[in-house]
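Biologist: I would like a close look at one part of this model, and then a walk through the rest. Please keep the account plain.

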Amino acid sequence: MKTPRFLLPAATAGVLALTLTACGGGGGGGTAGGGSDAEANLEGRGPITYVQGKDNNNVVRPLIEKWNAEHPDEQVTFKEQTDQADQQHDDLVQNFQAKTDDYDVVSVDVVWTAEFAAKGWLQPLKDKMAIDTNGMLEAPVESASYKGTLYAAPKDSDGGILYYRKDLVPEAPKTWDEMMGMCSIAKENNIGCYAGQYKQYEGLTVNASEAINSAGGSVLNDDGKPNLTTPEAEEGLNNLVDAFKNGNIPAEAITYQEEESRRAFQEGKLLFHRNWPYIYSLITTEGSSAVKDKFGMAPLPGKDGPGASSLGGHSAAISVYSKNKATALDFIKFLTNEEQQKFFANQASLAPVLSSLYEDQELVSKLPYLTVLQESIANAVPRPVTPFYPAVTQAIQENSYAALKGEKSAEQALADMQKSIESASAGS
Amino acid sequence: MTTTTASTELRARQDKGRKAAQNREKWASARTYISAVVILIWCLAPAYWMVVTAFREVDFTYDTTPWPTHVTMDNFITAFDTSFGNRFGQALLNSIFIGVTVTVISLVIGVFAAYALARLNFRFKYLVLGFILGASMFPGVALITPLFQLFTNIGWMGTYQALIIPNISFVLPLTVYTLTSFFREMPWELEESARVDGCTQGQAFRKVIMPLAAPAIFTTAILAFISSWNEFLIASQLSNEATKPVTVAIASFAGAQPNQIPYTAIMAAGTIVTIPLVILVLVFQRKIVAGLTAGAVK
Amino acid sequence: MATELGPTPATKPASGGTPVHHGPKGVGEDNKILSQGKWASWLLAPTIIALGIVIVYPIISAIIMSFQKDAGLDPVTGLFTEGGPAGIQNYVNWLGQQCAAPGGGTVACPPGTLGGQFWSATGTTFLFTVITVTFETILGFWMAMIMARTFKGRGLVRAAVLVPWAIPTAVTAQLWLFMFDFNGIINKLFNVSILWTGSEWPAKWAVIIADTWKTTPFMALLILAGLQMIPAEVYEAAKVDGATAWQRFRLITLPLVKPALMVAILFRTLDALRMFDLPYILTGGANNTTTLSILVINQIRQGFNSAAALSTITFIIIFLVAFIFVRFLGANVVEQSGATGKGKK
């Protein structure tokens with residue numbers, strides 16, 4: 001007779017909380033419906049809040065000050081999130097789910113757009129709310145769209161770049177095979193040949209997708225269905241698997257995120273290195289850098305020519321729950337116009353989304369890699385645009401990680417990815 | 001003759017015994033010191049590395065020379081730099097305010113509850129105990145969304161109470177259980193005798209029992225304070241710029257470039273928040289232990 | 001009743017003996033219990049209310065959500081729509097590691113889905129819990145015994161012991177990640193090249209070491225408080241009686257510290273079963289270091305209702321562990337009869 005005594009709390013707790021729930025307004029379960037919210041407040045003007053992750057280079061504050069000086073009745077407040085993408089994502093989700101109008105304009109990572117759009121949280125940028133995307137690079141616009149509708153204004157972009165030791169290899173390799181052929185040079189110099197980012201995290205999705213796309217495969221087909229059981233995808237993933245096996249990619253690269261791999265390259269331990277443009281200024285200026293003037297930059301190597309980079313970057317979107325959407329729209333137009341884009345590039349080395357800026361002499365002299373980056377972004381494939389992105393990236397990460405560690409064959413890994421993604425999009 | 005031999009023998013044996021005892025004591029104190037050194041190394045080595053890194057130039061973050069090299073104060077200046085919207089100083093004050101409030105409130109209501117559980121006889125005692133313990137069983141990560149909804153509905157987002165109340169609930173089960181277990185060990189006869197001497201029950205509790213329970217209450221206070229000091233998950237979602245505690249402030253430290261983890265600044269911040277806390281605890285401990293010895297009832 | 005171990009069974013007085021308790025009003029025996037109950041409910045009310053708001057409300061809302069299907073995608077509009085009632089399907093899916101099949105119905109979860117990780121995450125969580133709590137108990141007891149002695153520099157040791165715990169977890173995790181780096185100080189110091197976060201057992205040990213380092217002070221402090229409450233005379237008396245150090249430890253220290261120790265172990269266990277930050281930051285859950293809490297947060301990003309079911313399952317698992325603890329291992333802060341105080345000495 002003693003057991004029930006201990007179990008009773010659960011029962012009382014139940015009674016107590018049922019009453020609580022009744023008052024609390026049934027938490028959770030944020031789902032679409034968005035229709036009416038998307039129609040509301042289109043003409044609204046007034047103060048708004050702009051939300052984005054940590055402003056690393058202090059470029060957003062001056063822009064907002066500038067805006068506020070010109071718009072005394074439509075002041076923008078800046079809400080800065082933490083530096084971690086996961087936390088930014090969760091913070092946005094919490095606010096959207098609670099349907100608060102605390103956030104008016106939000107900065108969304110390219111991979112979140114589809115998810116947020118499908119949940120009905122983002123204002124479609126069409127009709128009255130349309131923005132002009134002429135002159136913008138194609139890939140960023142594509143990644144800000146869902147089902148043919150634009151949901152966010154591309155704000156900054158990013159693409160993978162091949163860094164190489166120009167003191168050891170005179171010319172950058174154009175193809176993967178060519179690069180692997182040069183690995184003997186690395187051996188002669190007693191350094192590792194190539195590394196990207198292979199820890200099990202978002203960066204692995206980037207690298208694995210690049211390998212698959214560069215070999216001519218694709219993660220999702222045009223209908224958004226997984227398309228991984230193809231010979232091209234297998235070849236792509238096998239390129240990485242084999243390089244790990246034969247040591248062309250050093251074993252410790254399985255623990256690399258961006259910074260660990262940057263350090264290896266910068267300390268002169270790698271011949272070739274895949275990373276984002278941000279490391280350029282660090283390699284050239286950091287005191288501990290051993291390769292300050294010994295490196296070059298090139299597009300990622302592909303099967304027969306330049307490879308397909310995964311696309312990074314952010315867009316600015318309007319919350320459907322915003323009360324002042326007209327102001328919000330003006331503000332995102334302001335954020336993405338040429339003057340501000342140039343300011344971002346100049347001050348924070350953020351890759352612009354306007355193609356004209358890649359030919360801007362002033363910028364090119366400051367950021368010599370712009371031409372390479374433009375090519376990278378031009379060839380870039382957005383990471384899978386799908387509302388099930390969290391499940392898709394989980395499937396890619398877990399299975400490609402197992403393949404890279406030799407725990408399963410590339411073929412098996414891709415088959416498992418295929419099944420996992422199918423299951424995720426089957427809904428539950 | 002025989003008596004002399006016997007007494008010499010006896011003396012010799014006593015000497016031997018004393019020597020052995022002295023040796024044993026020496027050996028015991030040596031062992032204590034060796035253990036103390038081992039504890040110091042285990043606890044402080046990683047913290048030492050935190051401090052060394054905190055004083056390193058950011059360009060040499062990953063230097064593995066075991067002693068300080070490329071020494072600079074920059075990281076501490078960066079940590080407190082407010083020009084980029086970091087408000088570490090404010091966050092420090094917030095953490096102290098939240099921590100102290102949580103500790104005081106949870107101790108007061110914890111002492112009530114523990115007294116009832118340890119001393120009073122009533123029905124449903126097990127139910128209450130189970131209920132209190134049950135509160136420590138739900139995954140913390142799953143509490144955020146409902147709390148966010150709740151606090152949004154009642155307009156508490158970003159307020160201090162939205163950070164303090166959840167923290168109280170997190171530390172209460174531990175507080176109640178610890179205090180209850182200690183209270184059961186107390187020599188309550190003393191309370192009886194104090195009452196015989198004319199104290200009311202409340203006076204008896206305050207003047208006799210509380211001083212005796214001081215080590216327990218003090219320990220519980222440290223547990224409560226540090227637990228609130230360490231809390232991150234809830235605060236990261238429910239605080240705003242003005243109310244965020246240090247844990248959230250540290251998480252929003254950013255490198256000069258995206259992806260760059262600003263280890264040196266994080267370590268500097270870690271150093272800043274750890275050292276005062278340890279000093280604070282030590283000072284209080286000394287004071288309380290001293291007060292206890294002075295006012296000993298026995 | 002036979003398995004019911006009170007805090008110090010050795011000194012348990014014959015029940016029904018001296019009336020140690022007294023209600024505010026001393027009337028008849030029945031009335032006394034009644035008024036004590038009233039008194040108790042006033043004393044307990046603040047605790048119950050505080051826990052009710054913050055803990056019970058979320059638990060109930062999670063339980064309600066867990067019987068709902070996750071939102072599904074409307075293929076025409078591309079928008080998510082409410083999933084509707086699910087019955088116990090979410091629970092069945094987790095326990096059976098079943099995932100939605102493309103054509104409807106369910107299949108065994110393929111590798112790379114969260115559903116396929118339930119049992120391995122449960123195993124990992126228990127593994128971490130058993131190892132870290134064991135280490136922390138042994139180390140913590142030892143540290144407390146040292147700190148309870150009188151020697152020069154005791155203050156320093158007490159301060160040092162606090163340090164690991166006083167460093168916020170967010171910093172601790174980064175600190176260990178930094179030290180476990182392939183080119184980090186640990187590999188350098190011990191002259192090894194271990195990929196700490198790159199393979200299964202090193203990754204698990206990294207988490208265990210970091211967690212043990214971080215939370216041993218918690219154990220040590222609680223046990224120390226227990227030790228401090230043992231009157232010195234008890235030891236002296238035992239010494240006079242010729243008890244050896246081991247006998248003193250086994251017959252005096254252990255039984256008298258047991259209540260504090262059990263509370264410490266119980267709460268450490270509950271905490272360890274919900275371990276989240278350290279493995280999340282150190283390994284991201286790779287290499288079989290995904291704990292139930294990590295699985296919960298990953299699932300929250302993929303579907304709330306299913307995550308609510310997982311939270312509830314975790315809650316039940318932890319509840320069972322706690323139950324076993326309190327019922328069979330003597331982690332009981334009040335004695336079964338409740339009425340008899342423990343007239344000590």
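Which strands of chain A form the open sheet of five strands, and in what order?

Modeller: This is a predicted model. The sheet in question runs in the order β2-β1-β3-β11-β6 (chain A), is open, and has mixed pairing. Its edges are β2 (76-80) and β6 (153-159) of chain A, each of which pairs on one side only. Between neighbouring strands of this sheet the average turn is 20°, with direction ignored.

At one of these edges, β6(A) pairs with strand β11 (residues 311-318) of chain A in the antiparallel sense, over six bridges. Within that stretch, A:D158 has A:G312 in β11(A) as its bridge partner. A helix also packs on the sheet: α3 (residues 60-70) of chain A touches β1 (48-52) and β2 of chain A. The direction of this helix makes about 165° with that of β2(A).

Chain A has another open sheet, of four strands, in the order β8-β9-β7-β10 (chain A), again with mixed pairing. Here β8 (192-195) and β10 (295-298) of chain A are the edge strands; each has a single partner strand, so one side of each lacks a neighbour in the sheet. The twist from one strand to the next averages 15°. Strand β7 (residues 161-165) of chain A meets the edge strand β10(A) in an antiparallel pairing of four bridges. One residue pair in it can be named: A:R165 has A:F295 in β10(A) as its bridge partner. This sheet too carries a helix, α11 (residues 258-266) of chain A, which touches β7, β8 and β9 (270-275) of chain A. Its direction makes about 150° with that of β9(A).

Further along chain A is helix α17 (residues 389-404), with 16 residues. From first C-alpha to last, α17(A) reaches 22 Å, close to the 22 Å expected at 1.5 Å a residue. The helix is mostly covered, since 15 of its 16 residues are buried. Just after α17(A) comes A:G406, which takes a positive phi of about 80°.

Next, the contact between chains B and C. Chain B gives 86 residues to this contact and chain C gives 84 residues. On the side of chain B that touches chain C, at least two residues come from each of α1 (2-54), α3 (88-119), α4 (125-134), α5 (144-153), α6 (160-183), α8 (201-230), α10 (246-251) and α11 (263-294) of chain B. The largest share of that side, 13 residues, belongs to α1(B). By class, the side of chain B that touches chain C consists of 63 nonpolar, 17 polar and six charged residues.

Chain C itself contains twelve helices and four strands. Of its 345 residues, 52% are buried. Among contacts in chain C between residues at least 6 apart in sequence, those joining residues at least 24 apart make up 65%.

One helix pair of chain C can be followed residue by residue. Helix α3 (residues 118-148) and helix α9 (residues 245-273) of chain C pack at about 145°, their axes 9 Å apart, and their crossing is right-handed. From α3(C), the residues C:T125, C:F128, C:T129, C:T132, C:V133, C:E136 and C:T137 take part; from α9(C), they meet C:I265, C:R268, C:T269, C:A272 and C:L273. In terms of class, the contact of α3(C) with α9(C) has five nonpolar, five polar and two charged residues.

Two loop residues of chain C deserve a mention for their backbone angles. C:N191 is not a glycine, yet its phi is positive, near 55°. C:N191 sits in the loop between α6 (185-189) and α7 (200-228) of chain C. It counts as exposed because it has 6 C-beta neighbours inside 10 Å, and the cut-off for exposed is 12 or fewer. C:N288, also not a glycine, has a positive phi of about 60°. The loop that holds C:N288 lies between α10 (277-282) and α11 (292-302) of chain C. With 17 other C-beta atoms within 10 Å, C:N288 is partly exposed.

Key: Residues are numbered from 1 along each chain as its sequence is written. Chains are lettered from A and ligands numbered from 1 in the order in which they are written. This is a predicted model: local features need pLDDT of at least 70, side-chain atom pairs count only at pLDDT 80 or more; totals for chains, interfaces and linings use all residues. The expected span of a helix is 1.5 Å times one less than its number of residues. A residue is buried if 20 or more other C-beta atoms lie within 10 Å of its own, exposed if 12 or fewer, and partly exposed in between; C-beta atoms are placed from the backbone. Two strands pair if DSSP finds at least two bridges between them. Axes are lines fitted to C-alpha atoms, for helices over the stretch in contact, and angles run from 0 to 180 degrees between N-to-C directions. Two residues are in contact if their C-beta atoms, placed from the backbone, lie within 7 Å. Ala, Val, Leu, Ile, Met, Phe, Trp, Tyr, Cys and Pro count as nonpolar, Asp, Glu, Lys and Arg as charged, and the others, Gly among them, as polar. A crossing is left-handed if the near helix is turned anticlockwise from the far one by less than a right angle, and right-handed if clockwise.
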